[in-house]
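Here is a short tour of one model, told strand by strand and then core outward. Keep the viewer open while you read.

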Amino acid sequence: NTSVVGEAITAYANENVSITLADATTVPESAFEGCTALSGINLNNATSIGKSAFKGCTALSGINLNNATSIGESAFYGCTALSGINLNNATSIGDYAFEGCTALTSVTTAATQIGNSAFSGCTNLQSATFTSADTEIVAYAFSGCTNLTTLSWDKVTSIGNNAFEGC
(Lines give C-alpha, C1' and ligand atoms only; values in the text may rest on other atoms or scores of the structure.)
Protein backbone atom coordinates (compact mmCIF):
# COMPACT_ATOMS: atom_id res chain seq x y z
CA ASN A 1 0.00 0.00 0.00
CA THR A 2 1.91 3.02 -1.26
CA SER A 3 -0.25 5.57 0.54
CA VAL A 4 0.74 4.00 3.86
CA VAL A 5 4.39 4.04 2.79
CA GLY A 6 4.00 7.68 1.75
CA GLU A 7 2.56 8.58 5.16
CA ALA A 8 5.40 6.73 6.87
CA ILE A 9 7.99 8.63 4.84
CA THR A 10 6.32 11.95 5.62
CA ALA A 11 6.50 11.07 9.33
CA TYR A 12 10.31 11.03 9.04
CA ALA A 13 10.50 14.49 7.50
CA ASN A 14 13.90 15.29 9.05
CA GLU A 15 15.58 12.12 7.77
CA ASN A 16 16.32 11.07 4.21
CA VAL A 17 14.62 7.80 3.30
CA SER A 18 15.41 5.46 0.43
CA ILE A 19 13.11 2.54 -0.38
CA THR A 20 12.84 -0.40 -2.76
CA LEU A 21 9.50 -1.58 -4.15
CA ALA A 22 10.80 -4.49 -6.20
CA ASP A 23 7.40 -5.98 -7.10
CA ALA A 24 5.51 -2.76 -7.86
CA THR A 25 4.43 -2.46 -11.50
CA THR A 26 2.39 0.71 -11.09
CA VAL A 27 2.86 3.77 -8.91
CA PRO A 28 -0.61 5.25 -8.42
CA GLU A 29 -1.61 8.90 -8.64
CA SER A 30 -0.14 11.06 -5.85
CA ALA A 31 1.36 7.99 -4.12
CA PHE A 32 4.40 9.84 -2.73
CA GLU A 33 3.36 13.43 -3.44
CA GLY A 34 4.97 15.84 -0.99
CA CYS A 35 7.21 13.24 0.65
CA THR A 36 10.09 15.64 1.18
CA ALA A 37 12.23 13.04 3.01
CA LEU A 38 12.21 10.53 0.13
CA SER A 39 15.74 10.63 -1.30
CA GLY A 40 15.83 7.47 -3.43
CA ILE A 41 13.56 4.76 -4.73
CA ASN A 42 14.08 1.58 -6.71
CA LEU A 43 11.11 0.74 -8.92
CA ASN A 44 12.89 -1.65 -11.24
CA ASN A 45 9.69 -3.42 -12.33
CA ALA A 46 7.37 -0.41 -12.52
CA THR A 47 5.97 0.24 -15.99
CA SER A 48 3.55 3.07 -15.16
CA ILE A 49 4.12 6.15 -13.00
CA GLY A 50 0.84 7.90 -12.15
CA LYS A 51 -0.10 11.57 -12.16
CA SER A 52 1.73 13.55 -9.43
CA ALA A 53 3.20 10.31 -8.04
CA PHE A 54 6.39 12.01 -6.77
CA LYS A 55 5.38 15.66 -7.12
CA GLY A 56 7.20 17.86 -4.63
CA CYS A 57 9.60 15.17 -3.40
CA THR A 58 12.35 17.73 -3.03
CA ALA A 59 15.00 15.33 -1.62
CA LEU A 60 14.51 12.72 -4.35
CA SER A 61 17.87 12.55 -6.10
CA GLY A 62 17.84 9.07 -7.62
CA ILE A 63 15.23 6.76 -9.02
CA ASN A 64 15.41 3.52 -10.97
CA LEU A 65 12.77 3.48 -13.72
CA ASN A 66 14.44 1.08 -16.15
CA ASN A 67 11.16 -0.53 -17.22
CA ALA A 68 8.82 2.47 -17.06
CA THR A 69 6.91 3.01 -20.29
CA SER A 70 4.49 5.71 -19.13
CA ILE A 71 5.30 8.77 -17.02
CA GLY A 72 2.14 10.59 -15.90
CA GLU A 73 1.33 14.28 -15.76
CA SER A 74 3.35 16.14 -13.10
CA ALA A 75 4.84 12.82 -11.93
CA PHE A 76 8.12 14.42 -10.81
CA TYR A 77 7.09 18.08 -10.83
CA GLY A 78 9.32 20.12 -8.52
CA CYS A 79 11.71 17.30 -7.61
CA THR A 80 14.54 19.79 -7.29
CA ALA A 81 17.25 17.27 -6.27
CA LEU A 82 16.58 14.79 -9.11
CA SER A 83 19.81 14.80 -11.11
CA GLY A 84 19.60 11.70 -13.28
CA ILE A 85 16.91 9.44 -14.63
CA ASN A 86 16.75 6.51 -17.04
CA LEU A 87 13.81 6.86 -19.42
CA ASN A 88 15.14 4.51 -22.11
CA ASN A 89 11.91 2.50 -22.22
CA ALA A 90 9.45 5.35 -21.75
CA THR A 91 7.07 5.75 -24.68
CA SER A 92 5.15 8.70 -23.25
CA ILE A 93 6.07 11.52 -20.90
CA GLY A 94 3.09 13.49 -19.60
CA ASP A 95 2.55 17.23 -19.33
CA TYR A 96 4.69 18.88 -16.63
CA ALA A 97 6.25 15.49 -15.77
CA PHE A 98 9.68 16.89 -14.86
CA GLU A 99 8.92 20.61 -14.71
CA GLY A 100 11.12 22.44 -12.22
CA CYS A 101 13.57 19.57 -11.74
CA THR A 102 16.42 22.05 -11.49
CA ALA A 103 19.19 19.49 -10.77
CA LEU A 104 18.42 17.35 -13.84
CA THR A 105 21.41 17.52 -16.22
CA SER A 106 20.59 15.05 -18.99
CA VAL A 107 17.74 12.95 -20.32
CA THR A 108 17.66 10.06 -22.78
CA THR A 109 14.29 8.71 -23.78
CA ALA A 110 12.51 6.56 -26.35
CA ALA A 111 9.29 8.53 -25.83
CA THR A 112 7.26 9.24 -28.93
CA GLN A 113 5.52 12.16 -27.25
CA ILE A 114 7.03 14.68 -24.87
CA GLY A 115 4.16 16.49 -23.10
CA ASN A 116 3.50 20.21 -22.63
CA SER A 117 6.14 21.75 -20.37
CA ALA A 118 7.47 18.26 -19.60
CA PHE A 119 10.98 19.55 -18.87
CA SER A 120 10.19 23.26 -18.51
CA GLY A 121 12.33 25.10 -16.00
CA CYS A 122 14.99 22.38 -15.77
CA THR A 123 17.65 25.05 -15.58
CA ASN A 124 20.63 22.65 -15.35
CA LEU A 125 19.51 20.39 -18.20
CA GLN A 126 22.40 20.30 -20.66
CA SER A 127 21.48 17.50 -23.06
CA ALA A 128 18.42 15.69 -24.35
CA THR A 129 18.57 12.57 -26.52
CA PHE A 130 15.55 11.04 -28.23
CA THR A 131 16.03 7.46 -29.41
CA SER A 132 12.58 6.80 -30.89
CA ALA A 133 12.05 6.64 -34.64
CA ASP A 134 9.30 9.28 -34.34
CA THR A 135 9.17 11.87 -31.58
CA GLU A 136 6.64 14.67 -31.09
CA ILE A 137 7.81 17.56 -28.92
CA VAL A 138 4.85 19.71 -27.91
CA ALA A 139 4.49 23.29 -26.66
CA TYR A 140 6.92 24.54 -24.00
CA ALA A 141 8.44 21.05 -23.57
CA PHE A 142 11.90 22.45 -22.82
CA SER A 143 11.14 26.12 -22.17
CA GLY A 144 13.39 27.80 -19.66
CA CYS A 145 16.12 25.16 -19.94
CA THR A 146 18.79 27.83 -19.95
CA ASN A 147 21.78 25.43 -20.05
CA LEU A 148 20.47 23.16 -22.82
CA THR A 149 23.29 22.90 -25.35
CA THR A 150 22.91 19.46 -26.95
CA LEU A 151 19.89 17.91 -28.64
CA SER A 152 20.06 14.58 -30.44
CA TRP A 153 17.29 12.69 -32.23
CA ASP A 154 16.70 10.23 -35.03
CA LYS A 155 13.44 11.72 -36.26
CA VAL A 156 11.22 14.41 -34.78
CA THR A 157 7.80 14.55 -36.41
CA SER A 158 6.80 17.91 -34.95
CA ILE A 159 7.96 20.63 -32.60
CA GLY A 160 5.28 22.66 -30.81
CA ASN A 161 5.11 26.39 -30.16
CA ASN A 162 7.75 27.71 -27.80
CA ALA A 163 9.13 24.21 -27.24
CA PHE A 164 12.60 25.64 -26.62
CA GLU A 165 11.69 29.15 -25.47
CA GLY A 166 14.38 30.75 -23.33
CA CYS A 167 17.01 28.13 -24.08
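## Where Phe130 pairs

Let's start at one residue pair: in strand 13 (residues 150-153), Trp153 is the bridge partner of Phe130. On the other strand, strand 9 (residues 106-109), Thr109 has Phe130 of strand 11 as its bridge partner. Before going further, some ground rules. This is a predicted model, with local features needing pLDDT of at least 70 and side-chain atom pairs counting only at pLDDT 80 or more, while totals for chains, interfaces and linings use all residues. Residues are numbered from 1 along each chain as its sequence is written, and side-chain values use heavy atoms, leaving out hydrogens and water.

Strands here are DSSP runs (E, at least two residues), as are helices (H or I, at least four), numbered from the N terminus. Two strands pair if DSSP finds at least two bridges between them.

## The sheet around strand 11

Strand 11 (residues 127-130) has parallel partners in strand 9, over 4 bridges, and in strand 13, again over 4 bridges. Down at Ser127 of strand 11, the residue standing opposite is Ser106. Which way do the side chains of strand 11 point? They alternate: Ala128 and Phe130 go to one face and are buried, whereas Ser127 and Thr129 go to the other and are not. Buried means under 20% relative accessible area, exposed means over 50%, and partly exposed is in between (1.4 Å probe, protein chains only).

Zooming out, 7 strands make an open, parallel sheet in the order 1-3-5-7-9-11-13. Strand 1 (17-20) and strand 13 are the edge strands, each pairing on one side only. From one strand to the next the twist averages 10°, with axes fitted as lines to C-alpha atoms (for helices, over the stretch in contact) and angles running from 0 to 180 degrees between N-to-C directions.

## The overall chain

The chain has 1 helix and 14 strands. Its radius of gyration is 15 Å, close to the 15 Å from the globule rule for 167 residues, so the chain is as compact as a globular protein of that length. That radius is taken over C-alpha atoms, and the rule is 2.2 Å times the number of residues to the power 0.38. Along the principal axes, the C-alpha atoms fill a box of roughly 45 × 30 × 20 Å.

Of the 167 residues, 42% count as buried. Contact means heavy atoms within 4.5 Å. Among contacts in the chain with a separation of 6 or more, 13% are between residues 24 or more positions apart.

## The nonpolar core

A nonpolar core is a set of buried Ala, Val, Leu, Ile, Met, Phe, Trp, Tyr and Cys residues joined through side-chain atoms within 4.5 Å. Which members of the largest one touch the most other members? Out of its 49 residues, they are Ile49, Phe54, Ile71, Phe76 and Phe119. Strand 1, strand 3 (38-42), strand 7 (84-87) and strand 11 each chip in at least two residues.

Take Ile71 as a sample: leaving out residues up to four places away in sequence, its contacts include Ile49, Leu65, Phe76, Leu87 and Phe98.

## Cysteines without bonds

How many disulfides are there? The structure holds 0, a disulfide being a pair of cysteine sulfur atoms within 2.5 Å. For Cys35, the nearest cysteine sulfur belongs to Cys57, 5.2 Å away. For Cys122, that of Cys145 is the nearest, at 5.1 Å. Cys35 counts as buried because its relative accessibility is 2%, and Cys122 because its value is 0%.

Cys101 sits in the loop between strand 8 (92-93) and strand 9, and is buried, with a relative accessible area of 0%. Beyond neighbours within four places in sequence, Cys101 contacts Phe76, Cys79, Leu82 and Cys122. Cys101 and Cys122 are 21 residues apart along the chain, and their C-alpha atoms are separated by 5.1 Å.

## Two polar loop residues

Ser52, in the loop between strand 4 (48-49) and strand 5 (62-64), is buried at 8% relative accessible area. Setting aside neighbours within four places in sequence, Ser52 contacts Ser30, Glu33, Glu73, Ser74 and Ala75.

Is Gln126 buried or exposed? Gln126 counts as partly exposed, because its relative accessibility is 43%. This residue lies in the loop between strand 10 (113-114) and strand 11. Not counting residues up to four places away in sequence, Gln126 touches Thr105, Asn147, Leu148, Thr149 and Thr150.
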